[in-house]
Amino acid sequence: MNTSQRLFFRCLAFAAFFAWICGATLATGQTAAPQTPAILLGTAWYPEQWPESRWDADLALMQKAGIHMVRVGEFAWSRMEPTEGQYDLEWLDHAVTAAAKHGIVTVIGTPSAAPPAWLTQKYPETLRTMEDGRRDQHGNRQQFNFANAKYRELARAMAEQLAKRFGHNPSVVGWQIDNEYANVSFDPETRAQFQQWLKAQYDTLDNLNTRWTTSYWSETYFDWNQVPIQINYGNPGLLLNWMRFVSGTWRSYQKNQLEVIRANADPRQFITTNMMGWFNGYDHYTVAQDLDLAAWDDYVGQGHLDPVKNGAAHDLTRGFKGKNFWVMETQPGGVNWASINNWLDKGEVRAMAWHDIGHGADTVSYWQWRSALNGQEQYHGTIVGPDGTPDPLYEEISQIGREFEKASPVLAGTSVKSEVAILHSYDSRWAIEWQKHNKNYDPVEEILSYYDPLRAIAQSVDIVPPTASLSQYKLVVAPGLNVLSDAAAKNLIEYVNHGGHLVLGQRFAMKDNDNGLWPQRQPGPLTDLLGGRVEQYYALVDAVPVDGKWGAGEGQLWAELLSTKDPDVEVLMRYGKSNGWLDGQPAAITRKVGKGRITYLGAWLDKNTMAEAANWMTDISGVKPALGPVPEGVEVYPRYGAKSTVYILVNFSKAPHTVKLPATMQDVLSGGPVQAVTLQHYGVAVLTSSK
Ligand code: GAL
């Protein structure tokens, strides 16, 4: 190659690099899609809060930190439509283009969580009515009525304008509809819709009256329009149906915008909304049905990351679509809304980011980039301060950015697979929360009491609804599955008959699909399969002793007295001396059914005994740790690809730990083959092994 050829190729390479970094300008005036890594670091950016002359400096700082995604627009309705029907999206177009020039793709949020003042003034009926009958007002957000036809019309028109403008923009990768659905409305129109919805579910009032046992307290309805809205306390059938109506209404609220986006956007642009982990204001399985991708906002609030509870929330979110998801918002250090808004420790934000990726997130996006000078959230954590210069955390964020870029080639196309599933349903959580029977009974804590030891052993657990396909799991656990539909019962029975091991936890199948009591004792329609049943349940003030195969320990909060009918049922644990009724009676039983097995655990076991129970459950089901044993405090997250498996390791304990690997692996972040890795407090390793 002569000198001029060399120069030519150098220029070509430079041009390619320049295009990657800056995005090439297309003939249309739009910029080409920036080439981004498979694992994205992102941030919420509010260009409408800053003069356009400042944007480039912000975007350059983002680019330097390895940020490749901004989410914009989700509260900017008053800027997008300053007067009714007069849309101004020019500025947003500039922002998207400016971001692309810095190698940053955009997710556009529809602004329906924050309607403009002119809208609520002109159409006050679009404001929600609160539980106490007062109308909400302008000045905060989420003050709209989710069921109101006029509001939906205006929100849809706004979303349509956005989709028409950005639906083919190469650097817009996706859409977020609204923001954190939460507030519902108690106005007469919403109530009328609820009554219509009930009519569609129950067909006749006779049917509804029977299934809700409304002869109780003279609740019988003679006309659909007599049915009230009840929350927290009321007829259990009515309470459950109100929450199902709320879920369906959020779904249709979302669909109203989703349809116009789909009609005007490239199919490559995903549509999502940002959910809230364990929040139970609606059934997330219902709402997620129409989305392409699940996403959630992951905040620690006061204290420090609890990798178990937070990890389970990731797994829950992954279960909404059964695939990788996004962390659409997370805290850059601290928040402004907890009782004490302490900052996460140095290194903890990075550890949390890798914990997110390990659980199946493909994007981690920080809320927010820079402190708004005024507005309700001035004290919230940011990456850049009000002065526009980097906060101390900026360097840690940049490290995450560099690491995501480095690990992206091996993580691309990988996903999480688990041998263990935990079943979760909103119906069951609501049903228990409305009638806890022991004020300390928290259905999420019940799930976590199983999740914690099972995840530690298997190093990966799925959380899925009870009607999900279960054939890929060696072990399926159903803690607190209080409401059991016929379809779910059939699914579980089939799972056992096909050779699976099903573990039922306390409070299983007390309720049918109308939140009525099953006329059989627990486990309701699974009683014959179990060959035993619950004779009585007891809410506990004091813990009761338990003893047996899993050692001696305690049951707390709740104890179910089990009996065995069939001779092949094995008693695993018995209660010790307590209230007389429970003394010496079975607390856990199991039965082999062909190649499958069904187990019932009637006691809420203490941590150590539960760990033993989890050992037994996994051993007998053939569940193995994904990587192999690791020291306590170190978490392992496997992600599987076609050619290799990636193991992410994070040390959450204060002490350093060395993990010996079962085989030589590539250390992705430090480079080179390794047979062991030493992790400091909040230390991270990303390892890959070929298949
Ligand atoms: C989220 C919300 C964001 C921001 C953040 C602060 O719930 O979606 O807009 O308010 O909280 O932590």
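Author: Two strands count as a pair if DSSP finds at least two bridges between them, and this is the rule to keep in mind while we look at the model above, which is a predicted one. By that rule, strand 4 and strand 5 (residues 270–272) pair in the parallel sense, over three bridges.

Reader: Which residue of strand 4 stands opposite Phe270?

Author: Strands of a sheet pair through backbone hydrogen bonds, either parallel or antiparallel. Here, the residue opposite Phe270 of strand 5 is Gly174.

Reader: How many bridges join strand 3 to strand 4, and what is the bridge partner of Thr106?

Author: Strand 3 (residues 105–109) and strand 4 run parallel and are joined by four bridges; the partner of Thr106 is Val172 in strand 4. Strand 4 (residues 172–176) is also mostly covered, with four of its five residues buried.

Reader: In what order do the strands lie in the sheet, and which strands are at the edge?

Author: To read a sheet, follow the pairings from one strand to the next. In this model nine strands form an open sheet with parallel pairing, in the order 5-4-3-2-1-9-8-7-6. The edge strands are strand 5 and strand 6 (274–275), each of which pairs on one side only. Further along that order, strand 1 (residues 40–44) pairs with strand 9 (residues 361–366) in the parallel sense over four bridges, and there Gly42 stands opposite Ser365 of strand 9.

Reader: Turning to the helices, what span should helix 9 have, and how far apart are its end C-alpha atoms?

Author: The idea is to compare an expected span with the distance found in the model. Helix 9 (residues 236–264) has 29 residues, and at 1.5 Å a residue it should span 42 Å; its end C-alpha atoms are 43 Å apart, which agrees. The agreement should be read together with the bend, since helix 9 has a kink of about 25° centred on Asn256.

Reader: Which side chain reaches towards the backbone nitrogen of Gly237 at the start of helix 9?

Author: That is Asn235, a side-chain oxygen of which comes to within 2.7 Å of the backbone nitrogen of Gly237.

Reader: How many salt bridges does the model contain?

Author: Side chains of opposite charge can pair when their charged atoms come close. With a cut-off of 4 Å between a side-chain nitrogen of Lys or Arg and a carboxyl oxygen of Asp or Glu, the count comes to 33 salt bridges. One of them joins Asp58 and Arg54, at 2.9 Å from N to O, and Arg54, Asp58 and Arg370 are linked in a network of salt bridges.

Reader: By about how much of the helix are Asp58 and Arg54 separated, and is Asp58 buried or exposed?

Author: An α-helix has 3.6 residues a turn, so residues three or four places apart point the same way. Asp58 and Arg54 are four residues apart in helix 2 (residues 52–64), so about one helical turn separates them. Asp58 counts as buried because its relative accessibility is 0%, and the cut-off for that word is under 20%.

Reader: Where in the chain are the partners Glu403 and Arg350 found?

Author: Glu403 and Arg350 form a salt bridge whose closest N and O atoms are 2.9 Å apart. This pair links distant parts of the chain, with Glu403 in helix 13 (residues 394–411) and Arg350 in helix 12 (residues 348–358), 53 residues apart. Glu403 is buried at 10% relative accessibility, and Arg350 is buried at 13%. A further salt bridge joins Asp132 and Arg134 at 3.0 Å from N to O; here Asp132 is exposed, with a relative accessible area of 52%.

Reader: Which residues surround the ligand?

Author: A ligand site can be read by listing the surrounding residues and then looking for polar contacts. The ligand is surrounded by Phe75, Arg141, Asn179, Glu180, Asp297, Tyr299, Glu329, Trp337, Trp367, Glu377 and His380. An N or O atom in the side chain of His380 is 2.7 Å from an oxygen atom of the ligand, and the corresponding separations are 2.8 Å for the side chain of Trp337 and 3.0 Å for that of Glu329.

Definitions and conventions:
Residues are numbered from 1 along each chain as its sequence is written. This is a predicted model: local features need pLDDT of at least 70, side-chain atom pairs count only at pLDDT 80 or more; totals for chains, interfaces and linings use all residues. Side-chain values use heavy atoms; hydrogens and water are left out. Helices (H or I, at least four residues) and strands (E, at least two) are DSSP runs, numbered from the N terminus. The expected span of a helix is 1.5 Å times one less than its number of residues. The bend at a residue is the angle between axes fitted to the seven residues ending there and the seven starting there. A polar contact is a pair of N or O atoms within 3.5 Å; within protein, one must be able to donate a hydrogen and the other to accept it, and residues adjacent in sequence count only if both atoms are side-chain atoms. Buried means under 20% relative accessible area, exposed over 50%, partly exposed in between (1.4 Å probe, protein chains only). A residue is near a molecule or strand if one of its heavy atoms lies within 4 Å of it.
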